[in-house]
Amino acid sequence: MMFCHHCGMATRRRSFQGSSISSADPSAVWWAWTSPSEWPGGVIQKASIDGEFVVGANITAKAKGGPTTTHTVTSVDPPRGWVGVSKFPGVTMTYEHEIEVVDGGTKLTERAVMSGPLAGVAALLIGKSLAKGFNDSTARIAEVAEAGPKAG
């Protein structure tokens, strides 16, 4: 595969991200982002986890217009973030979830890093929609964090 060095296509981007700002504090954002049962709403149609939010847990989620995906939690660093990994034929998707304090609240960033022999193709096919999806999903998590845990 040839790339044009003059038009900026020389580098293949395999990392896509989106962010939102929440007025909630980092602990509320951490709660929201580690409570998949709270995610549905907005762009997120369904989400669940197969137990406690710990390394090795499996999260299944579906966003509007996308497939149902399952990713395994590989790293948990409260309240700064967590990482999950999904494997597909030829592509491994590493999803990074970052929480940072910024002026005006807490910034949520969701990033997908693609690796494997088909990562370049996957990036071309779904990269733009991933970035938009992450803007939408982080906005949803921000909203959940601002609402806080439901009394129950």
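This is a guided tour of a predicted model, one selection at a time.

**The whole chain**

Start with everything in cartoon view. The chain contains two helices and seven strands. Trace them along the sequence and the pattern reads β-α-β-β-β-β-β-β-α. Of the 152 residues, 40% count as buried. Now consider contacts between residues at least 6 apart in sequence: 48% of them join residues at least 24 apart.

Next, colour by pLDDT. The chain mean is 90, and 89% of the residues reach 70 or more. Select residues 1-11. Here the pLDDT is below 50, and the stretch has six contacts in the model beyond near neighbours in sequence. Where pLDDT is low, predicted coordinates should not be read in detail.

**Strand S1 against helix H2**

Show strand S1, residues 15-22, and helix H2, residues 119-147. Pick glycine 18, which sits in S1. Is glycine 18 buried or exposed? Its relative accessibility is 3%, so glycine 18 counts as buried.

Display what surrounds it. Leaving aside neighbours within four places in sequence, glycine 18 is in contact with Leu108, Thr109, Glu110, Ala131, Phe134, Asn135 and Thr138. Draw a distance from glycine 18 to glycine 133. The two are 115 residues apart in sequence, yet 7.5 Å apart in space, C-alpha to C-alpha.

Move to alanine 131, in helix H2. At 17% relative accessibility, alanine 131 counts as buried, because the cut-off is under 20%. Which residues does alanine 131 contact, leaving aside its neighbours within four places in sequence? They are Phe16, Gln17 and Gly18. Draw a second distance, from alanine 131 to phenylalanine 16. Their C-alpha atoms are separated by 5.4 Å, and the two positions lie 115 residues apart along the chain.

Stay on helix H2 and select serine 137. Serine 137 is buried, with a relative accessible area of 11%. Leaving aside neighbours within four places in sequence, serine 137 is in contact with Val43, Ile44 and Glu110. Glu110 was also on the contact list of glycine 18.

**The largest pocket**

Switch on a surface and look for the largest pocket. About 830 Å³ of space lies in it. Of the 31 residues that line the pocket, the closest to its centre are Ala63, Pro67, Tyr95, Leu130 and Phe134. Select those five to centre the view.

Then colour the lining by element. Each of these supplies at least two lining residues:

- strand S3, residues 58-63
- strand S4, residues 68-77
- strand S5, residues 81-88
- strand S6, residues 91-102
- helix H2, residues 119-147

Which element gives the largest share of the lining? That is H2, with 11 residues. Recolour by chemistry and the lining divides into 18 nonpolar, eight polar and five charged residues.

**Aromatic pairs**

Hide the surface and show the aromatic side chains as sticks. The structure holds four aromatic pairs. Select phenylalanine 53 and tryptophan 82. This pair is edge-to-face, 4.9 Å centre to centre, with 85° between the planes. Phenylalanine 53 lies in the loop between strand S2 (44-49) and S3, and tryptophan 82 lies in strand S5, so the pair ties together parts 29 residues apart in sequence. Both phenylalanine 53 and tryptophan 82 are buried.

Go back to two residues from the pocket, tyrosine 95 and phenylalanine 134. Why is this pair edge-to-face? The ring planes stand at 85°, over the 60 degrees required, and the centres are 6.3 Å apart, so the pair qualifies. Tyrosine 95 is in strand S6 and phenylalanine 134 in helix H2, so this pair ties together parts 39 residues apart in sequence. Tyrosine 95 is buried, with a relative accessible area of 8%. Phenylalanine 134 counts as buried too, at 6% relative accessibility.

Widen the selection to Trp30, Trp39, Phe53 and Trp82. Ring pairs link these residues into a cluster.

**Last stop: a cis peptide bond**

Select prolines 78 and 79 and show the backbone as sticks. Most peptide bonds are trans. The bond from proline 78 to proline 79 is cis, with omega near -5°. Proline 79 is in the loop between S4 and S5, and both of those strands help line the largest pocket.

Conventions: Residues are numbered from 1 along each chain as its sequence is written. This is a predicted model: local features need pLDDT of at least 70, side-chain atom pairs count only at pLDDT 80 or more; totals for chains, interfaces and linings use all residues. Side-chain values use heavy atoms; hydrogens and water are left out. On a 1 Å grid over the protein atoms alone, a cavity is a set of points where a 1.4 Å probe fits but cannot get out, and a pocket is an open set with protein on both sides within 12 Å along at least five of seven lines; lining residues have an atom within 4 Å of a point. Grid points are joined across faces, edges and corners, and a volume is the space filled by probe spheres set on the points. Helices (H or I, at least four residues) and strands (E, at least two) are DSSP runs, numbered from the N terminus. Ala, Val, Leu, Ile, Met, Phe, Trp, Tyr, Cys and Pro count as nonpolar, Asp, Glu, Lys and Arg as charged, and the others, Gly among them, as polar. pLDDT is the predictor's confidence in each residue, from 0 to 100. Contact means heavy atoms within 4.5 Å. Buried means under 20% relative accessible area, exposed over 50%, partly exposed in between (1.4 Å probe, protein chains only). Rings of Phe, Tyr and Trp (its six-membered ring) pair if their centres lie within 6.5 Å; planes under 30 degrees apart count as stacked, over 60 as edge-to-face and the rest as tilted.
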